[in-house]
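Me: I would like a close look at a single part of this protein, the place where the ligand sits. Please explain the terms as you go.

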Amino acid sequence: MTITISAFAWVPDFAKGQVRDLRVRWALEEAGLPYRARLLEQGDQNDPEYRALQPFGQVPIFEEDGFVLFETGAIVLHIGERSEVLLPPDPKGRARATQWVVAALNSIEPFALQVALIDIFYKDEEWAKLRRPGAADFLRRRLNGLSAALGDKPYLDGDRFTAGDLIMTTVLRILDYTPMLAEHGNLTAYKARCESRPAYGRALAAQLADFGKRDAA
Ligand SMILES: N[C@@H](CCC(=O)N[C@@H](CS)C(=O)NCC(=O)O)C(=O)O
């Protein structure tokens with residue numbers, strides 16, 4: 001039983017620690033499942049062999065004994081089937097954890113990404129200057145909703161960490177370059193609480209170590 005995940009061999013500094021294989025590395029660390037990384041060079045993701053596994057040419061994919069999955073939400077939930085740390089045993093608890101995975105990916109990530117893409121890639125474009133206030137306002141409303149839902153609980157579903165917190169934390173990390181999250185003390189503390197988990201530290205270190213091999217070469 002060998003688990004392999006795909007990741008990029010190298011990315012520019014702004015993307016280090018943000019590439020989405022981090023989610024899968026983190027889930028595997030929480031579950032205590034060993035894995036190896038298949039590092040892609042620029043262009044490898046367009047090979048027909050890789051496209052057959054990941055239709056959009058993105059990282060990560062998860063491979064285990066011929067079984068292949070793409071999309072980090074699906075992969076983390078699949079790993080969660082083997083880890084009560086990620087998905088609680090009771091059906092309602094599992095459903096709520098899944099709900100938060102989907103909320104992170106569907107109700108927060110697109111809006112965080114929209115602002116981040118404007119700020120990082122398009123900030124000098126005229127259209128981006130016009131779009132930015134509306135996009136930021138929309139994101140702010142989503143963060144207000146998330147902050148209210150979290151309230152003073154340690155985790156989204158209460159007292160225990162789940163796969164929903166794992167994905168939500170990595171989505172909130174997209175905003176690390178802005179002060180937007182700091183508008184909500186509870187979200188800032190929540191993200192720091194999740195990031196203080198040893199499994200997160202090992203996952204981040206592993207991603208950075210893989211980039212470091214190339215930086216050192
Ligand atoms: N929805 C996908 C997004 C994956 C994704 O955007 N991966 C990025 C790296 S963080 C990528 O491979 N980008 C290259 C590309 O889109 O061509 C998931 O969650 O797995």
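Reply: What follows describes the ligand's surroundings, then the loops and helices that share residues with that site or lie elsewhere in the chain.

This is a predicted model, in which local features need pLDDT of at least 70 and side-chain atom pairs count only at pLDDT 80 or more, while totals for chains, interfaces and linings use all residues. Residues are numbered from 1 along each chain as its sequence is written, and side-chain values use heavy atoms, with hydrogens and water left out.

Around the ligand stand Phe8, Val19, Arg20, Arg23, Gln58, Val59, Glu71 and Thr72 (a residue is near a molecule if one of its heavy atoms lies within 4 Å of it). Polar contacts are pairs of N or O atoms within 3.5 Å. Gln58 places a polar side-chain atom 3.1 Å from an oxygen atom of the ligand. Val59 uses a polar backbone atom, 2.9 Å from a nitrogen atom of the ligand. For Glu71, a polar side-chain atom is 2.7 Å from a ligand nitrogen atom. On its own the ligand has 510 Å² of accessible area, and the protein covers 72% of it (areas come from the Shrake-Rupley method with a 1.4 Å probe).

Val59 also takes part in a cis peptide bond, which joins it to Pro60 with omega at about 5 degrees. Most peptide bonds are trans. Pro60 belongs to the loop between α2 (48-51) and β3 (61-64); helices (H or I, at least four residues) and strands (E, at least two) are DSSP runs, numbered from the N terminus. The loop between β3 and β4 (67-70) holds Asp65, a residue other than glycine with a positive phi, near 50 degrees.

Arg23 and Thr72, two of the residues around the ligand, also belong to a helix contact. Helix α1 (residues 21-31) packs against helix α3 (residues 72-80) at about 5 degrees, with axes 9 Å apart. Here axes are lines fitted to C-alpha atoms over the stretch in contact, and angles run from 0 to 180 degrees between N-to-C directions. The two helices are therefore roughly parallel (under 35 degrees; over 145 is roughly antiparallel, 65 to 115 roughly perpendicular and the rest oblique). In α1, Arg23, Val24, Ala27, Leu28 and Ala31 meet Thr72, Ile75, Val76 and Ile79 of α3, where contact means heavy atoms within 4.5 Å. By class, this contact has 7 nonpolar, 1 polar and 1 charged residues (Ala, Val, Leu, Ile, Met, Phe, Trp, Tyr, Cys and Pro count as nonpolar, Asp, Glu, Lys and Arg as charged, the others, Gly among them, as polar).

Notes. Polar contact = N/O pair within 3.5 Å; in protein donor to acceptor, adjacent residues only side chain to side chain.
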